[in-house]
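Hi,

Here is the structure I promised to send over. Have a look at it first, and then read on for my notes.

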Amino acid sequence: MKKLFFLLLLVLFSIVHADVIVEYNTSLAPEIIKTIKINSVDYFNVYELNKTFKAKISDDLLDQRVNVNIYHEQLIFLLDSSLVQHGSDYFNMTYNIIQSDGKYFLPVVFIKDILPQILSNMLKWESNKLIAQTPIDNSIRRIVLDPGHGGKDPGAVGYSKKNFEKEVVLELALKLKKKLEQQLDVVVLLSRDKDEFVSLQQRTKFANENSADLFISLHCNAHRNSKIDGIEVYYLSTAKTDEARAVEAMENQVVYEYEGGKEAVKKYDDLAFILADMAQSEHLEESFNLGANLQTALVNATKAYNRGVKQANFYVLRGAFMPSVLLEFGFLSNKEEEKKLINSSYQEKLIDSVFIGIRDFKKKYDQMQ
Ligand SMILES: [Zn+2]
C-alpha cells in the first residue's frame, strides 16, 4: 500500500513537473532542463541549452530567427514557426517557438524527439532522460593579434617621416598581449613578434592553424590630406563606401607591392575568396559586434574623432575562420595624431580600450553571465 502511494506520488510529480534530466556519459554531474507550461504544452527557455550543452545562442530579429550552435552544428529556428532548419533538412516541432519578454521558448518535444535525431552521435533519449556526450566548450580562449606590415613593408609613414606603422603596431601588440594574458583567461599569439615581413595569407593561416577564437589585425592609417584624423574599425565584407575602398586598397597594396604583383593578387582573388567569404559570413554579426565594442571603447577613452565601424574587403580578414576585425588606431599622416600614437600614455589608453572591448565581447560570447 505504502509502495503504491509513493508510486502514485511519483507519477503525479512527473505529470506536474516535466523537467528534463540530462546525464552525461562522463563524470560530469547531471543537469536539469527546467520546463514551463505555456497553453498546456511543455516548453523550455532556449538558454537552458547553453547551461546544459554550452550551446551558443544568438537571435537575429531582422531575419526573425534564432540560431543555436550545439556540438558544432548550426540549427535555425524561425519565429512564429514550428520548423527547425539543420543544413538542408527541416524538422517539425509540432508547436511554434515562442517569444516572450525577450526570451525564446522551445517545445520540449524538440529535446525528446528532434535533437536526438539531428545529433544522433551525441545524444539519445533513453528511459525518460537525455544521455549526452560531454559538451564542447565554445568560449574564447585563444586570440591572435596581427601587427600589420613589417620588414620590407613599413606600412603608413608618419608626418614627421620618422615613425612607421609597422613599429607602432608591433609595440601596441606586445603590450596588449601582456595585458590580455594577465587579466583575461586567454592565450594570445602574435602573427609576428619582431620586425619581419609576413604575407597576408600567412597571417590568417597562422590564426586558423592555431585554432584562434578571435583574430585582430592592428594598423595605423594614412591619408594624402594630413588634416584627416580619427579611429575606425573594419570587419569583412565587400567594400561599401569610396572611403572604405581607399583604406582597403591601401592595406591590400602589400599584396601587389611585396607579394608578387598582379599574379599574387589574382591568386588571392581566385583561391580563397569564395570559400573564405562564406566561412567568414558565418561570423559577420559577431565580427560586427566585436568591432562595435572596440570602436566605442577606443573613442570613449581617447576622445579621438569617431570614424565608425565599417565594412571593407581586406585580404587579411578574408581567410580567417573566426570573428575578426581590423583596427585603425589613428592617422600617422596627421601631425598631432602621430605624436599621440607614439606617446606611451596614449598607447596605454588604446590598449586599455581594446582590452575592455575584447573582455566585454568575450563575456557575452561565452555567455557566462
Ligand atoms: Zn596598415
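How many cavities of 30 Å³ or more does the structure hold? There are two. Keep in mind as you read that this is a predicted model.

The largest cavity has a volume of about 60 Å³. Its lining is made up of Asp146, Gly148, His149, Asp153, Val198, Leu200, Arg203, Ser217, His219, Glu251, Val254 and Val316. The elements that give two or more residues to that lining are helix H5 (200–209), strand S16 (214–221) and helix H6 (242–258). By class, the lining is an even split: four nonpolar, four polar and four charged residues.

The second largest cavity holds about 30 Å³ of space. Around it you'll find Leu200, His219, Glu251, Asn252, Phe314, Val316 and Leu326. Four of these lining residues are nonpolar, two are polar and one is charged. If you want to click through both linings, Leu200, His219, Glu251 and Val316 turn up in each.

Next, the rings. I get five aromatic pairs in total. One of them joins phenylalanine 197 and tyrosine 258, a tilted pair at 6.1 Å centre to centre with 50° between the planes. Phenylalanine 197 is in the loop between strand S15 (187–190) and H5, while tyrosine 258 is in helix H6, so this pair ties together parts that are 61 residues apart in sequence. Phenylalanine 197 is partly exposed, with a relative accessible area of 25%, and tyrosine 258 is partly exposed too, at 23%.

Another tilted pair is phenylalanine 361 with tyrosine 365, at 5.4 Å centre to centre and 35° between the planes. Here both residues belong to helix H12 (residues 344–366), four residues apart, or about one turn of the helix. Both phenylalanine 361 and tyrosine 365 are buried.

There are lysines over rings as well. Lysine 152 lies over the face of phenylalanine 197, 4.5 Å from the ring centre. Lysine 179 does likewise with phenylalanine 355, at 5.0 Å from the ring centre.

That second lysine brings me to helix H4, where Lys179 is listed among the buried residues. The others are Glu165, Lys166, Val168, Val169, Leu170, Leu172, Ala173, Leu176 and Leu180. H4 covers residues 165–183, 19 residues in all, and reaches 27 Å from its first C-alpha to its last, close to the 27 Å expected at 1.5 Å a residue.

Cheers

Definitions and conventions
Residues are numbered from 1 along each chain as its sequence is written. This is a predicted model: local features need pLDDT of at least 70, side-chain atom pairs count only at pLDDT 80 or more; totals for chains, interfaces and linings use all residues. Side-chain values use heavy atoms; hydrogens and water are left out. The expected span of a helix is 1.5 Å times one less than its number of residues. Buried means under 20% relative accessible area, exposed over 50%, partly exposed in between (1.4 Å probe, protein chains only). On a 1 Å grid over the protein atoms alone, a cavity is a set of points where a 1.4 Å probe fits but cannot get out, and a pocket is an open set with protein on both sides within 12 Å along at least five of seven lines; lining residues have an atom within 4 Å of a point. Grid points are joined across faces, edges and corners, and a volume is the space filled by probe spheres set on the points. Ala, Val, Leu, Ile, Met, Phe, Trp, Tyr, Cys and Pro count as nonpolar, Asp, Glu, Lys and Arg as charged, and the others, Gly among them, as polar. Rings of Phe, Tyr and Trp (its six-membered ring) pair if their centres lie within 6.5 Å; planes under 30 degrees apart count as stacked, over 60 as edge-to-face and the rest as tilted. A charge sits over a ring if NZ of Lys or CZ of Arg is within 6 Å of the ring centre and within 35 degrees of the ring normal.
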